[in-house]
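Please open the model in your viewer and keep the sequence panel beside it. The tour below moves from one selection to the next and says what is to be found at each stop.

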Amino acid sequence: MATISVIVPVYKVEPYLHRCVDSILNQTDGDFELILVDDGSPDNSGAICDDYAAKDSRVRVIHKENGGLSSARNTGIDAARGEFVIFPDPDDWIEPNYVEAFLHHQRLYRADLVCLGHYVDTDDASVPAGSGKETSLLEGADGQRSLLLGPRMQGFSWNKLYRLDIIRNFG
């Protein structure tokens, strides 16, 4: 069983999907499963997902009627087999050490939630977003408050690793 389930909701992202999926499959740590949830996309996104599943055993595809982003992610959560879950967006790509970095920090701190920084592409370069501060450890109420109210944790789902059983039990 893979340690991490990578869940990508897919809807009308045909122009971006190859770059996203390729960046996931080319990780330095291969201890993951990739769940592509085709949320009834009317373009060729579903067929692209099926092509990846036919070529790589780490990829599973779920086709469903369109229900929106939350519905697609929840479908992926229901199907996930990993201990942890991450949610990259289908129109983004990830660095080659994305999975490795999440696992490193989770193991180092034994964390239920890990939040990593990200880059923003400009005309000239990719630059770190945010303040560039060191990694911080937030526990208990401080961690919950920061997750809900930010700004340290930011309101994105794609830069976090979540313990799957907590999402299932309390989500």
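## A walk through the model

Begin by selecting I7 together with I35, since in this predicted model I35 of strand β2 is the bridge partner of I7. Widening the selection to both strands shows that β1 and β2 run parallel and are joined by 7 bridges.

Stay with β2 and colour its residues by accessibility: 7 of its 7 residues are buried, and the strand is accordingly described as mostly covered. On one side of β2 lie F32, L34, L36 and D38, on the other E33, I35 and V37, and every one of these residues is buried, which leaves both faces of the strand covered.

**The whole chain**

Now zoom out and switch to a cartoon of the full chain, in which 6 helices and 8 strands can be traced. Read from the N terminus, the elements follow the order β-α-β-α-β-α-β-α-β-β-β-α-β-α. The chain has 171 residues, of which 43% count as buried. If contacts are restricted to residues at least 6 apart in sequence, 77% of them join residues at least 24 apart.

**Helix α2 and its two sides**

Next, select residues 45–55, which make up helix α2, and highlight S45, G46, I48, C49 and Y52, the buried residues of this helix. Turn the view until you look down the axis of α2: the buried residues fall within an arc of 160°, and so they line one face of the helix. On the face turned away from that buried side, you will find the exposed residues A54 and K55. To see what the buried residues of α2 pack against, add strand β1 (4–10), helix α1 (14–25), strand β2 (32–38) and strand β3 (59–63) to the display; the strand β2 of the opening stop is thus among the packing partners of this helix.

**R73 and D89**

Leave α2 and turn to the charged side chains, where the count comes to 6 salt bridges. One of them is formed by D89 and R73, whose side chains meet at 3.0 Å, N to O. R73 belongs to helix α3 (residues 69–79), whereas D89 lies in the loop between β4 (84–86) and α4, so the pair ties together parts that are 16 residues apart in sequence. Both D89 and R73 are buried.

**R163 and its two acidic partners**

Select E83, D112 and R163 as a group, because these residues are linked in a network of salt bridges. Which residue forms a salt bridge with E83? It is R163, and the closest N and O atoms of the pair are 2.7 Å apart. With E83 in the loop between α3 and β4 and R163 in strand β8, the salt bridge ties together parts that are 80 residues apart in sequence. E83 counts as partly exposed at 40% relative accessibility, while R163, at 17%, counts as buried.

The other salt bridge to show here joins the side chains of R163 and D112, at 2.8 Å from N to O. This pair likewise links distant parts of the chain, with R163 in strand β8 and D112 in the loop between α4 and β5, 51 residues apart.

Keep D112 selected and look at its surroundings: the residue sits in the loop between α4 (98–109) and β5 (113–115) and is partly exposed, with a relative accessible area of 40%. Leaving aside residues up to four places away in sequence, D112 touches L161, Y162, R163 and I166. For a distance label, choose the C-alpha atoms of D112 and L161, which are 7.9 Å apart in space although the two residues are 49 residues apart in sequence.

**Last stop: K160**

Finally, select K160, which is found in strand β8 (residues 160–163). Which side chain of opposite charge is nearest to K160, and how many Å away is it? It is D89, at 11 Å, and K160 is buried yet has no salt bridge; a salt bridge would require a side-chain nitrogen within 4 Å of a carboxyl oxygen. The side chain of K160 does, however, make a polar contact of 2.8 Å with the side chain of N159. Showing D89 once more lets you compare the two stops, for D89 is the residue that meets R73 in a salt bridge.

Technical notes:
Residues are numbered from 1 along each chain as its sequence is written. This is a predicted model: local features need pLDDT of at least 70, side-chain atom pairs count only at pLDDT 80 or more; totals for chains, interfaces and linings use all residues. Side-chain values use heavy atoms; hydrogens and water are left out. Helices (H or I, at least four residues) and strands (E, at least two) are DSSP runs, numbered from the N terminus. Buried means under 20% relative accessible area, exposed over 50%, partly exposed in between (1.4 Å probe, protein chains only). Lys and Arg count as positive and Asp and Glu as negative; His and the chain ends are not counted. A polar contact is a pair of N or O atoms within 3.5 Å; within protein, one must be able to donate a hydrogen and the other to accept it, and residues adjacent in sequence count only if both atoms are side-chain atoms. The arc is that of the directions from the helix axis to the C-beta atoms. Contact means heavy atoms within 4.5 Å. Two strands pair if DSSP finds at least two bridges between them.
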